[in-house]
Structure formats: C-alpha cells, structure tokens
Amino acid sequence: MSSDADVVAERAVLGDRLQQQGDPQGELIQLQLALEQVAEGAPAVRRRAIESRLVAVLDANHDAFYGELAPHVTRRSSPDLFDPACEIVRWHAGVADTIWLQTRRRGFGLADAYRALRTAPIARFVRRLEIGLGHYQEL
C-alpha cells in the first residue's frame, strides 16, 4: 500500500501533467495540494488567497468538473442552501475524497444523481460516497 507522501507526490505529478494538457483539473489538484500544505500557524492571508483561487477555478470550470450533474450542484460562489444534489465533503491529496450525494428535486432522483456522478471528472478518485437526505452534517 502506498504511503500518504507517495499519494501526494503522485497527485502532484498528475496535476502537472493535466495542467500541461490544458485540463483545469490540474490546477485544481495543485491548489488543493497547496492548501493542504499551508502550515497551521501560517498567515491567514495565504490560506485565503488559495481558497479564493479555488473558488474561482471551481466556478469557472463547474460544468466541466461535474458533467451531467452540473445543473444540480451548487456553485461555491452562490451556494444552493436548500437542495444541493452533491457536495464535496473532504478533499485529500488534491482530489475529492468524500462526496455527499442527495436530492429531493422532482424529475431528478437519487439514482439519476448517482449515474451522473459516476461519469463526473470531479469524482474520478472518490474513496467514499455518502448518500442521504437533507443537509450534510459530519457525524
């Protein structure tokens, strides 16, 4: 089994390769890795700058990252507090690690959301999928 340091190194290489190919997920991976490496006592302005760029990248590439699921996923800049169909709960080593999926929308059920998520680029490395109704709460 790979160590966490190996996984981070592999994701950094993947992020570089994707960026060279013009894939926005490469920048997303690099930003997430940078955010994970911000030291606990580092100036808050550093963390906020990375988070601000993350929001911009996620918003600018929303449709590309979420594919068919995009119309049902809240944008970071304007969250759907009533009924988001999908939320990334945890990022790890630059990618979405845990995703929460739910929906109460008419004409777009949970099975539809799951099918769409399976092909979404943002879900490529997901290790945990949580399914539920209502707003996500950490247990």
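These legends describe close-up views of a predicted model of one protein chain.

**View 1. Overall fold of the chain.** The chain has 139 residues, and buried residues make up 40% of them. Its secondary structure comes to five helices and three strands. Read from the N terminus, the elements follow the order α-α-α-α-β-β-α-β. The later views refer to these elements by name, including helix α1, which covers residues 4–20.

**View 2. The largest nonpolar core.** This core holds 27 residues, and the members that touch the most other members are L28, Y66, L69, C86 and I122. At least two residues each are supplied by α2 (24–36), α3 (44–60), α4 (62–66), β1 (86–92), β2 (95–101) and α5 (110–118). Helix α3 gives the largest share of the core, with four residues.

**View 3. W91 in strand β1.** The residue at the centre of this view, W91, belongs to strand β1. W91 has a relative accessible area of 18%, so it counts as buried, because buried means under 20% relative accessible area. I29 is also shown: 62 residues separate W91 and I29 along the chain, while their C-alpha atoms are 9.6 Å apart.

**View 4. The salt bridge between R53 and E27.** The structure holds five salt bridges, and this view shows one of them. R53 and E27 are paired here, with 2.8 Å between the closest N and O atoms. The two partners come from distant parts of the chain, R53 from helix α3 and E27 from helix α2, with their positions 26 residues apart in the numbering. R53 has 40% relative accessibility and therefore counts as partly exposed. E27 is also partly exposed, at a relative accessible area of 24%.

**View 5. The salt bridge between D97 and R127.** In this pair the closest N and O atoms of D97 and R127 are 2.6 Å apart. D97 sits in strand β2 and R127 in the loop between α5 and β3, so the bridge ties together parts that are 30 residues apart in sequence. Is each partner buried or exposed? D97 counts as buried because its relative accessibility is 6%. R127 counts as exposed because its relative accessibility is 62%.

**View 6. R128 and E130, with the R90 network.** The side chains of R128 and E130 form a salt bridge, with an N to O distance of 2.8 Å. R128 has a relative accessible area of 47% and so is partly exposed, whereas E130, at 15%, is buried. A network of salt bridges that share partners is also shown, and it joins R90, D97 and R127.

**View 7. R128 and I99.** R128 is located in strand β3. The other residue in this view is I99, which lies 29 residues from R128 along the chain. The C-alpha atoms of R128 and I99 are separated by 6.5 Å.

**View 8. The negative surface patch.** Four residues, D4, D6, E10 and E36, form a negative patch on the surface. Which element supplies the largest share of the negative patch? Helix α1 does, with three residues. D4 is one of the residues located in helix α1. With a relative accessibility of 44%, D4 counts as partly exposed, because partly exposed residues fall between the limits of 20% for buried and 50% for exposed.

**View 9. The nonpolar surface patch.** L110, Y114, L129 and I131 make up a nonpolar patch on the surface, and together they have about 330 Å² of accessible area. Helix α5 and strand β3 (128–131) each contribute at least two residues to the nonpolar patch. L110 is located in helix α5. Its relative accessibility is 33%, so L110 counts as partly exposed.

Methods. Residues numbered from 1 in each chain as written. Predicted model: local features only at pLDDT ≥ 70, side-chain atom pairs only at ≥ 80, totals over all residues. Heavy atoms only, no water. Patch = residues over 30% accessible without salt bridge, like charges linked within 9 Å, V, L, I, M, F, W, Y side chains within 5 Å. Areas by Shrake-Rupley, 256 points an atom, 1.4 Å probe, with all protein chains shown as cover. Lys, Arg positive; Asp, Glu negative; His and termini not counted. Charge placed at Lys NZ, Arg CZ, Asp CG, Glu CD. Buried < 20%, exposed > 50% of the residue type's maximum accessible area, 1.4 Å probe, protein only. Core = buried A, V, L, I, M, F, W, Y, C linked by side-chain atoms within 4.5 Å.
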